[in-house]
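Visitor: Could you pick out one part of this for me and take a really close look at it? I'd also like to hear how the rest fits around it.

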Amino acid sequence: MHWEFVIPGYLIVFGGIGAYTWTVLSRARSAAARVPEDRRTFLD
Amino acid sequence: MSGSSLLGDALLVFGKDLRIERSSKVVLSQVLPFALMILILFGFGISPDIRVPIGADGSRSVLAQVTPGLIFLAILFSSLLALGRSFGVEADDGTLDALRLAGLDPGGIFIGKAAAVLVQLLSVGSIVTLGAFLLFDTGVDWTWGRAVLLVTTLGAATAGIASAGTIYSALAAGLRVRDTLVPLLVIPVLAPVLLGAGQAADAALFGAVADGWPWVGALAIFALLYIGVGILSFDSLLEDA
Amino acid sequence: MSSTGTTTNGSRAFAGPTASKATRVVGLMALAGIALLLPLALLWSPPEIDQADAVRLFYVHVPSATVALYLAFGVTCLGSLIYLRNQSVFWDLMAHASAEIGVVFCGFVLITGMLWGRPTWGVYWEWDPRITSTAITLILYLGYLALRRMDLDPTVRSKRAAFLGIISFCNLFIIKYSVEWWRGLHQGQTIGIDTQLDGLMLFTFAWGMVTFVLIFAWLLMHRFRLGWLELQATTTSLDDAIAARRAESPQLTGEGL
């Protein structure tokens, strides 16, 4: 019972995490392209 | 910044802002009519003809029933304009820097500006309150206890709005999008004030007076908290405004 | 892009320039967590007596809330405090990254909360204290992100954002308790939320918690490094512009004189 609420909920949460991940990674790719190789070091 | 006293500087800035208002009359001629217009719009949005039963055989219009919340909503929206004006006069002429260069205590600048906003909002708020009673036909069985609670609520809530609002306006000072950023930043912060003031005023108008005082206490704590934060943080907030 | 020898590997090709050994380990753990959480939450755990299968939304709703409201915004507050003390770029970027992820998870809390409310209470929005204060908190941190986007001197912006990050976290609690107090007057105990969980349900719940913390950690590492890359990209283009001006000047002086 109530699966019509459960399934969209899970789709939104995990789809949302996926979409956010994709945004971050693609933004990182385009940012990295603008940074020369020797500067692509990280603080951590 | 030796020799400058917090309260003395506060008084200077306070006086300056009120003198600007006295000559420009922006709050009187723009913010106040705006606030009264909001009251009329509430009447349009919430029909005055819908009535709710009270007691055994009485009834009251919904509009009158929600007077407490509407009063503070109108004050809250008006405060955005008053705050914008308070920092608009500084930003346009770069006087915020001048005030700091003159060696004024940043905490004093904060208290002065917040107090000026407070006085303006209290004036607007009092008229809005009277206007709401008139327009919404809010029948109240007045007692001294009710009146004192309502006036104290108005004071405590407005103090919270003015102090928190002044801090957040400083945060957005010098930005081109200040007028849109300040409402976004400050409305969620002031949500508890609206909540508390609405509850306290509801107790003052229709409920048991004793139920209102704890909310007034919460409002006072909120205001004191933000006055403290403002005094301590205005130095770094103004540094590069 | 072609990377130098040591950084070339499969996951970098997949996850891009922000991947590291740490993100690989945490990412795999998070994936394993999700792989077990989904069947646990959707198939193996039993439906609850009152809420039936709607209880399954809790296994993502509550972890999202914990991650967003306490972990993510807590990290933002902590990072802001450290930044104000020593102007650490690391913590400035960390505070920003964490707030953004917090906002995303805050959105999940609201959506799953409403989807749970419809079958349980009959309405999507019940003015329940927790969900109401979460909605205000979301707006609060959208304001933080808006300030972060402002066209300001970076140092000034970071400083103001740090201040905002600290008082926003305090406001979170002011909002939470004032809304709870307000609702407490109007209705009794909110039904359904404090249901007894037992056995497999409790384990699923705990597993969801662990999984979401791992997801948060993984996202935070990537988002932090994205912030760093974007900062580098800005300074690089600035340096290039300066170098270009420098390169121009001897020519100009040579031709002009």
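Guide: Let's begin with D137(B), keeping in mind that what you see is a predicted model. Is D137(B) buried, exposed or partly exposed? D137(B) is partly exposed, because it has 13 other C-beta atoms within 10 Å, while a buried residue would need 20 or more and an exposed one would have 12 or fewer. You'll find D137(B) in the loop that runs between α6 (106-136) and α7 (144-171) of chain B. Its backbone has a quirk, too: phi is positive, at about 55°, even though D137(B) is not a glycine.

Chain C has a residue with a similar story. Q87(C) isn't a glycine either, and its phi is positive, near 55°. Look for Q87(C) in the loop between α3 (58-86) and α4 (89-121) of chain C. Q87(C) counts as partly exposed, because 13 other C-beta atoms lie within 10 Å of its own.

Now back to chain B, and to α6, one of the two helices on either side of the D137(B) loop. Helix α2 (residues 26-45) of chain B packs against α6(B) at an angle of about 30°, and their axes are 10 Å apart. That angle is under 35 degrees, so α2(B) and α6(B) are roughly parallel. The crossing of α2(B) past α6(B) is right-handed. Who makes the contact? From α2(B) come V27(B), V31(B), L32(B), A35(B), L36(B), L39(B), I40(B) and G43(B), and from α6(B) come Q120(B), V124(B), I127(B), V128(B), G131(B), A132(B) and L135(B). Sorted by class, this contact has 12 nonpolar and three polar residues, and no charged ones.

Zoom in on A35(B), which belongs to helix α2 of chain B. Unlike the loop residue we started with, A35(B) is buried, because 24 other C-beta atoms lie within 10 Å and 20 or more is enough to count. If you ignore neighbours within four places in sequence, A35(B) touches A74(B), S78(B), V124(B) and V128(B). Take V124(B): in sequence A35(B) and V124(B) are 89 residues apart, yet from C-alpha to C-alpha they are 7.6 Å apart in space.

Further along chain B there's another helix pair to compare. Helix α8 (residues 178-205) packs with helix α9 (residues 209-238) at an angle of about 155°, and the axes are 7 Å apart. Here α8(B) and α9(B) come out roughly antiparallel, because the angle is over 145 degrees. This time the crossing is left-handed. On the α8(B) side, P192(B), V193(B), G196(B), A197(B), Q199(B), A200(B), A203(B) and A204(B) take part, meeting V209(B), D211(B), G212(B), W215(B), V216(B), A218(B), L219(B) and F222(B) of α9(B). By class that gives 12 nonpolar residues, three polar and one charged.

Those two helices also bring us to the neighbouring chain. Where chain B meets chain C, the contact takes 18 residues from chain B and 21 from chain C. Both α8 and α9 of chain B supply at least two residues to that side, but α8(B) gives the most, with 10. On chain B's side there are 13 nonpolar, four polar and one charged residues.

Chain C has another partner as well. Chains A and C share the most contacts of the two pairs of chains that touch, with 30 residues of chain A meeting 37 of chain C. Chain A's side of this is made of 20 nonpolar, four polar and six charged residues. Chain A and chain B, on the other hand, do not touch, and their nearest C-alpha atoms are 24 Å apart.

As for chain C itself, it has seven helices and zero strands, and 44% of its 257 residues are buried.

Last stop: helix α1 (residues 3-33) of chain A. At 1.5 Å a residue its 31 residues should span 45 Å, and since the end C-alpha atoms are 44 Å apart, the two values agree. Its buried residues are F5(A), V6(A), G9(A), V13(A), I17(A), V24(A), A28(A), A31(A) and A32(A).

Terms used. Residues numbered from 1 in each chain as written. Chains lettered and ligands numbered in written order. Predicted model: local features only at pLDDT ≥ 70, side-chain atom pairs only at ≥ 80, totals over all residues. Contact = placed C-beta atoms within 7 Å. Nonpolar A, V, L, I, M, F, W, Y, C, P; charged D, E, K, R; others polar. Helix = DSSP H or I, 4+ residues; strand = E, 2+ residues; numbered from the N terminus. Expected span 1.5 Å × (residues − 1). Axes fitted to C-alpha atoms, helices over the stretch in contact; angles between N-to-C directions. Parallel < 35°, antiparallel > 145°, perpendicular 65-115°, else oblique. Left-handed = near helix turned anticlockwise from the far one by under 90°.
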